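Please describe this model for a reader who works with coordinates. Cover the loops, the fold, the core and the interface.

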Number of protein chains: 2
Amino acid sequence: MSHYDVLCIGNAIVDIIARAEDDFLRENGIIRGAMNLIDMERAELLYERMGPAVETSGGSAGNTAAGVASLGGSAAFFGKVADDGLGRIYRHDIRAQGVAFDTPELTGTPPTARSMIFVTPDGERSMNTYLGACVELGPEDVEEDKAAGSKVTYFEGYLWDPPRAKTAIRDTAKIAHAHGNEVAMSLSDPFCVDRYRDEFLDLMRSGTVDIVFANEDEAKSLYQTADLETAREALAKDCKIAIVTRSEKGSMIINGGGAHTRIEADPVDKLVDTTGAGDLYAAGFLYGYTAGMDMGNCGRLGSLAAGIVIQQIGPRPQVSLRQAAIDAGLIRG
Amino acid sequence: MSHYDVLCIGNAIVDIIARAEDDFLRENGIIRGAMNLIDMERAELLYERMGPAVETSGGSAGNTAAGVASLGGSAAFFGKVADDGLGRIYRHDIRAQGVAFDTPELTGTPPTARSMIFVTPDGERSMNTYLGACVELGPEDVEEDKAAGSKVTYFEGYLWDPPRAKTAIRDTAKIAHAHGNEVAMSLSDPFCVDRYRDEFLDLMRSGTVDIVFANEDEAKSLYQTADLETAREALAKDCKIAIVTRSEKGSMIINGGGAHTRIEADPVDKLVDTTGAGDLYAAGFLYGYTAGMDMGNCGRLGSLAAGIVIQQIGPRPQVSLRQAAIDAGLIRG
């Protein structure tokens with residue numbers, strides 16, 4: 001059996017990132033700060049209108065896998081790319097980061113997924129995702145030995161958008177739990193929560209998911225409340241551990257018992273691009289968690305990784321997170 | 001007739017950029033700080049060994065065209081891409097920056113050029129370029145109206161590597177001069193100068209080229225001297241205007257008459273990646289030159305643009321150079 005700290009499952013997406021003004025978002029009907037799902041026709045149109053761009057591998061759970069590996073943890077990934085140029089870039093980048101990635105690639109169409117990300121002057125990113133080959137991820141892509149041998153299996157809520165991935169998730173979770181491992185998920189996006197609220201709540205309440213990552217808006221959306229305290233109390237009932245991230249206000253780790261730990265956000269010199277902030281927080285937390293650290297240090301590793309990724313363009317860390325964590329005294333060199 | 005400030009001609013290349021240690025360069029026989037020409041087989045091998053990367057349009061003269069446009073100048077570009085994924089990225093990015101780019105794309109093989117760029121901890125970049133479709137740029141790609149209507153035609157010395165581009169250059173220069181315009185070139189790289197020294201000197205001495213951009217190493221390589229002063233005096237004889245860039249030591253603008261102007265380098269908070277420094281210096285200088293500014297301000301615009309591009313990953317400016325130049329008081333808003 002293979003052994004990994006974290007197995008991540010997610011949409012395998014190449015990001016195409018450009019700066020844009022707020023007017024551009026309005027004129028093009030892009031929901032600000034959200035993940036907008038688009039079809040190929042709209043993808044062509046938006047690319048036509050997009051400024052000069054930079055390409056980098058992305059995708060929420062893939063970013064988390066890369067972050068865990070950058071911290072020195074062992075990570076694996078399930079996700080579907082096609083056998084095309086963007087697919088090759090995706091596969092290269094995640095493997096070059098040291099992540100085990102063996103999902104068979106899709107031959108022919110649809111092509112590898114891409115997300116056109118517009119970064120406004122405030123650093124906020126608005127994503128426009130064409131899912132492409134991701135719609136083909138299914139239960140046949142579950143590698144049993146990785147599911148059985150990973151301390152935590154982590155998946156993104158976005159996987160409820162493609163049609164067959166949810167079956168792969170449920171199968172993987174079953175194998176993980178049968179081997180005494182844990183399952184974590186990210187709520188991904190408040191609109192995503194709105195699309196799949198009942199199913200997400202069922203995943204938590206049925207014990208399919210043990211650990212939930214949400215930002216403030218997602219937590220409020222899940223319980224349809226404007227009050228964070230209400231959401232916090234509900235999360236404490238519905239899962240073993242919940243982590244609520246709050247941008248510059250830091251984060252809050254909630255144990256099922258009701259106790260919670262507050263973590264400060266890391267200081268940021270210059271906010272460049274928020275893409276990947278939540279993904280890298282999860283990476284830091286899960287690295288610490290699978291290494292047996294206490295909640296405070298797990299959260300501090302999350303804040304560190306998120307703080308680094310928002311000071312660069314793109315969601316994959318361009319520096320060694322391990323070195324940064326050593327420099328910050330959070331792990332031993 | 002179309003009218004442009006600057007027409008740039010160069011190899012149309014997509015950059016694949018990753019960080020690497022100095023040991024990696026040594027182990028893989030990569031000449032540090034240079035442009036290493038590679039074939040497809042070595043490109044595959046190096047990509048296999050390369051870390052997680054970021055993709056962005058590059059290519060020396062293409063970067064200069066993008067820089068001129070970012071400053072608010074009008075720019076055109078001749079260069080050859082193939083009808084593939086990387087070619088589409090290249091075409092998108094340069095057009096999205098506002099550069100007129102109409103060179104017909106190559107159908108079929110070879111594919112669009114790519115350069116694997118390894119950035120070491122000191123910010124120095126070592127390039128490994130597979131020329132691909134660039135070898136097909138030829139005299140049939142000279143658009144007469146653009147050559148006739150551009151105040152300055154600027155090309156990269158690298159164009160002596162592909163077999164047929166030099167004929168396109170000579171044809172373009174002839175048209176430019178027939179219409180009272182000027183021709184500029186970059187010496188590109190000390191090894192490139194070593195490969196084509198006699199031809200480059202002939203371009204200058206025959207009056208095919210009026211303005212020459214070189215860094216210190218290239219200028220010394222051209223005249224096979226270790227003494228910058230000797231190179232400076234020779235440049236003053238061989239061309240109308242020569243610009244020698246000297247990294248943190250600033251730059252020197254040499255008029256044919258022998259007078260020269262010294263320009264300081266712009267202050268840099270954090271050197272990230274030197275890719276594109278010379279290209280963007282040329283962009284700033286040529287923007288100022290074609291706007292009729294004096295030599296001092298041309299050089300200051302060059303330093304500003306170069307100083308900005310070395311504080312980011314990749315050679316295409318990710319901020320508006322025009323806004324930066326306005327903020328610096330170098331151009332009026």
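## Backbone outliers and fold

A:Ser247 counts as partly exposed, because 16 C-beta neighbours lie inside 10 Å. By definition, a residue is buried if 20 or more other C-beta atoms lie within 10 Å of its own, exposed if 12 or fewer, and partly exposed in between, with C-beta atoms placed from the backbone. The model is predicted: local features need pLDDT of at least 70, side-chain atom pairs count only at pLDDT 80 or more, and totals for chains, interfaces and linings use all residues. Residues are numbered from 1 along each chain as its sequence is written, and chains are lettered from A and ligands numbered from 1 in the order in which they are written.

A:Ser247 is not a glycine, yet its phi is positive, near 50°. Its place is the loop between β12 (241-245) and β13 (251-255) of chain A. Helices (H or I, at least four residues) and strands (E, at least two) are DSSP runs, numbered from the N terminus. A:Gln224 is not a glycine either, and has a positive phi of about 45°. The loop between α8 (216-222) and α9 (228-238) of chain A holds A:Gln224. A:Gln224 counts as exposed, because 11 C-beta neighbours lie inside 10 Å.

Cis peptide bonds occur in both chains, as tabulated here.

| Cis bond | Omega | Place of the proline |
|---|---|---|
| A:Thr109 to A:Pro110 | about -5° | loop between β6 and β7 (113-119) of chain A |
| B:Thr109 to B:Pro110 | near -5° | loop between β6 (100-101) and β7 (113-119) of chain B |

**Overall shape.** Chain A has 12 helices and 14 strands. Its C-alpha atoms fill a box of roughly 50 × 45 × 40 Å along the principal axes. The radius of gyration of chain A is 18 Å, which agrees with the value near 20 Å for a compact globule of 333 residues. That radius is taken over C-alpha atoms, and the globule rule is 2.2 Å times the number of residues to the power 0.38. Of the 333 residues of chain A, 57% count as buried. Contacts between residues at least 6 apart in sequence were also examined: in chain A, 75% of them join residues at least 24 apart. Two residues are in contact if their C-beta atoms, placed from the backbone, lie within 7 Å.

**Sheet.** Chain A has an open sheet of 9 strands with mixed pairing, in the order β6-β5-β1-β9-β10-β11-β12-β13-β14. β6 (100-101) and β14 (260-263) of chain A are at the edges with a single partner strand each, so one side of each has no neighbour in the sheet. Two strands pair if DSSP finds at least two bridges between them. Strands of a sheet pair through backbone hydrogen bonds, either parallel or antiparallel. Within chain A, β9 (residues 150-156) and β10 (residues 182-186) run parallel, joined by 5 bridges. A:Phe155 stands opposite A:Met185 in β10(A).

Chain B offers an antiparallel example: β13 (residues 251-255) and β14 (residues 260-263) pair over 4 bridges. B:Ile254 has B:His260 in β14(B) as its bridge partner. β13(B) and β14(B) form a hairpin with 4 residues between them, and B:Gly258 in the turn has a positive phi of about 115°.

## Core

Which residues touch the most other members of the largest nonpolar core? They are A:Ala65, A:Val212, A:Leu286, B:Ala65, B:Val212 and B:Leu286, in a core of 219 residues. Such a core is a set of buried Ala, Val, Leu, Ile, Met, Phe, Trp, Tyr and Cys residues joined through C-beta atoms within 7 Å. Leaving out residues up to four places away in sequence, A:Val212 touches A:Met185, A:Leu187, A:Met204, A:Leu235, A:Cys239 and A:Ala242.

## Interface and symmetry

A turn of 180° and a shift of 0.0 Å along the axis lay chain B on chain A with an RMSD of 0.0 Å. That is the relation of a two-fold axis. The C-alpha of B:Glu55 is the nearest to the axis in chain B, 2.4 Å from it. Copies are superposed by least squares on the C-alpha atoms of residues with pLDDT of at least 70 in both.

In the interface, 22 residues of chain B contact 22 residues of chain A. On the chain B side, β4 (54-57) and α4 (85-96) each supply at least two residues. The largest share, 6 residues, comes from α4(B). β4 of chain A (residues 54-57) and β4(B) pair in the antiparallel sense over 3 bridges. A:Val54 stands opposite B:Thr56 in β4(B). The copies meet through the same surface, because 100% of the interface residues of chain B are also interface residues in chain A.
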